[in-house]
Amino acid sequence: MARTENPAIIHIPDELFETAESRHFEGELSLAELAAGPDTYRFDGPVSWAVDVTNTGEALLVMGQASARALTGCARCLEDVPYDLEGDIEGYFLAAGDRIEAPEDLEGDEFEVLSESHAIDLVPLVEQALLLELPLVPLCDDDCRGLCPRCGANLNEGPCQCDDGPVGEDNPFAVLKDFKFDA
């Protein structure tokens, strides 16, 4: 097992350029936030990662896990929601040389070319692993009642003080009440 001096960079030792050699690496890195569509996830601590790098004869295969705790706003009530994330890290790096040929069964976006410094930046791989674990719509609870469309009160905390009468003219959506939609 090796720890890296830069928590997001793995420097590949010469031994790993021998076919069937493998080495384990682990560490932590800081990610401030991760955007997924309209949602932004903030990390309240470091992202832990552990990977095994194996020489397959054609390339270096990077496989492992990333885990973190992230916070984002609920899509209905906007309260912070924590998510414990654990994703699979996967990467395939062709060794740089005079002639780089990708295996026939791989598309161009399924591999990277190892840098001349023989370093692998894990940040993109960790981000991809965590992105795949994020919910499509973050909710604090499946039964979240959201916010009152009139006063903005969090309906999960109890009923608001609005009456059930028609929407007042002070509501920004009141102009749409007589809008004719073409069917």
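Trainee: Which residue stands opposite Arg-42 of β4?

Mentor: Glu-33 stands there. Bear in mind that the model is predicted. To read such a pair, find the two strands and see how they are joined. Here β3, residues 33–36, is linked to β4 by four bridges, and the two strands run antiparallel.

Trainee: How many residues lie between the strands in the hairpin of β3 and β4?

Mentor: Two residues lie between them. In a hairpin, look also at the backbone angles. In this one, Gly-37 has a positive phi near 65°.

Trainee: Which residues of β4 are on the covered face, and which are on the uncovered one?

Mentor: Read a strand face by face. For β4, residues 39–43, Asp-39, Tyr-41 and Phe-43 form the covered face. Thr-40 and Arg-42 form the uncovered face. Arg-42 is also the residue opposite Glu-33.

Trainee: In what sense do β4 and β6 pair?

Mentor: Check the direction and count the bridges. β4 pairs with β6, residues 59–73, in the antiparallel sense, over two bridges. Phe-43, from the covered face of β4, stands opposite Ala-70 in β6.

Trainee: How many helices and strands does the protein chain have?

Mentor: List the elements in order from the N terminus. There are nine strands and one helix, and the order is β-β-β-β-β-β-β-β-β-α.

Trainee: What share of the protein chain is buried?

Mentor: Of its 183 residues, 33% are buried. For the surface, take the area and the atoms that supply it. The chain exposes about 11,900 Å², with 48% of that from carbon and sulfur atoms.

Methods: Residues are numbered from 1 along each chain as its sequence is written. This is a predicted model: local features need pLDDT of at least 70, side-chain atom pairs count only at pLDDT 80 or more; totals for chains, interfaces and linings use all residues. Side-chain values use heavy atoms; hydrogens and water are left out. Buried means under 20% relative accessible area, exposed over 50%, partly exposed in between (1.4 Å probe, protein chains only). Accessible areas come from the Shrake-Rupley method with a 1.4 Å probe; for residues, only the protein chains shown count as cover. Two strands pair if DSSP finds at least two bridges between them.
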